[in-house]
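The following paragraphs lead through the structure shown below, beginning with its ligand and proceeding to its domains and charged pairs.

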Amino acid sequence: MSKYQELAQLVIDGDIQRVEAMTKKLLDAGEDPLEIINEGLIAGINEVGIRFRDGEMFVPEMMRSARAMKAGMEVLKPAIAGADIPTAGKVVIGTVKGDLHDIGKNLVIMMLESSGFNVVDLGIDVPVDKFVRAVKEHSPQVLGLSALLTTTMPVMGEVISALDKENLRGSVKVIVGGAPVSQEFADEIGADGYAPDAASAAELCKQLVN
Ligand code: B1M
């Protein structure tokens, strides 16, 4: 078993302490933090998703795995965050109403911050009007919407319509992402962009701001 497979297995096992320790060990050994995330932590949580879908794992185990993954990401955060990078722009981001998944969104935030963006995180289960208020209050260049459930994806469209109604649509670019979201869906709801992963989300924001 490779060291990344070992880390992925610890995420599957939901072993918070050992995920933390192994992540530290890999980082101290000079491994690339993004590789640790992609090959270890994400590989593990993806397998959890498959086992959950197939009825081999249940919500409590999935939650333990999610906590283990978060513990690993916390260890990597300082290694990813860029120091003293001038502000590239402001992004307001949140997971839409009805949706509690935030691991992917937090990864997007880490990548945005490391690319020099000032990020306002509205958290999870964010109602439509809270997104609208945040755009008024913070005047971001980009609003990011995350959704992991097919049932919560439509809320993204509702946010865009609400911005339209408040005449705010012209002042902010809206980007969407999350496992079930696609470019096609983004086009359908009139979003300005879609990114399949955290690194491309940061790239997309750079393009939209320039
Ligand atoms: Co949930 N869950 N979950 N879950 N969960 C999924 C999403 C699911 C696909 C599992 C499955 O069945 N195979 C399924 C959804 C099915 C569907 O809608 N079609 C599912 C379900 C059904 C549920 C519940 C309904 C289960 C239940 O209670 N019966 C429930 C719903 C709760 C709710 O939200 N109301 C639920 C609960 C949970 C936990 C709380 C236990 C936990 C979340 C913990 C947390 O986030 N704090 C959880 C987890 C961990 C998962 C899986 C296993 C992993 C999600 C994850 O963190 N992936 C997931 C299966 C899967 O996706 N493989 C599953 C890792 C993360 C790095 O990837 O989030 O895709 P991801 O983010 C990526 C990209 O998508 C992108 O960049 C990220 C990094 O590369 N991205 C963006 C994300 N947001 C972006 C925004 C952008 C741009 C890119 O711009 C703004």
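Which atom of the ligand lies 2.7 Å from a polar side-chain atom of D102? In this predicted model, the partner of the D102 side chain is a nitrogen atom of the ligand. Backbone atoms also approach the ligand. An oxygen atom of the ligand lies 2.7 Å from a backbone N or O atom of L100, and a polar backbone atom of T150 is 3.0 Å from an oxygen atom of the ligand. In total, 36 residues surround the ligand. The closest of these are G49, L100, H101, D102 and S146.

The ligand's surroundings may next be set against the division of the chain. The protein comprises domain 1, residues 3-80, and domain 2, residues 89-209. Taken over C-alpha atoms, the centres of the two domains are 25 Å apart. Where the domains meet, 10 residues of domain 1 are in contact with 7 residues of domain 2. About 780 Å² is buried between them, and carbon and sulfur atoms contribute 86% of that area. On the side of domain 1, K70, M73 and I80 lose the most area to domain 2, and together these residues account for 56% of what that side buries.

The polar part of the interface can be stated briefly. Between domain 1 and domain 2 there is 1 residue pair in polar contact, counted with both residues at pLDDT 80 or more. The elements of domain 1 that give two or more residues to the side touching domain 2 are α3 (33-53) and α4 (59-80). Helix α4 supplies the largest share, with 7 residues. By residue class, this side of domain 1 holds 8 nonpolar, no polar and 2 charged residues.

Side chains of opposite charge can pair when their charged atoms come close. Between the two domains the count is 1 salt bridge. The side chains of D102 and K70 meet in a salt bridge, at 3.0 Å from N to O. D102 is thus a residue to follow through both topics, having a polar side-chain atom 2.7 Å from a ligand nitrogen as well as a salt bridge to K70.

Over the whole structure, 12 salt bridges are found. In one salt bridge, the side chains of E31 and K3 meet at 3.1 Å, N to O. This pair links distant parts of the chain, 28 residues apart: K3 belongs to helix α1 (residues 3-13), whereas E31 lies in the loop between α2 (16-28) and α3.

Note on methods
Residues numbered from 1 in each chain as written. Predicted model: local features only at pLDDT ≥ 70, side-chain atom pairs only at ≥ 80, totals over all residues. Heavy atoms only, no water. Domains from an automatic or database assignment. Contact = heavy atoms within 4.5 Å. Buried area = accessible area lost by both parts, 1.4 Å probe. Salt bridge = Lys/Arg side-chain N within 4 Å of Asp/Glu carboxyl O. Polar contact = N/O pair within 3.5 Å; in protein donor to acceptor, adjacent residues only side chain to side chain. Helix = DSSP H or I, 4+ residues; strand = E, 2+ residues; numbered from the N terminus. Nonpolar A, V, L, I, M, F, W, Y, C, P; charged D, E, K, R; others polar. Near = heavy atom within 4 Å.
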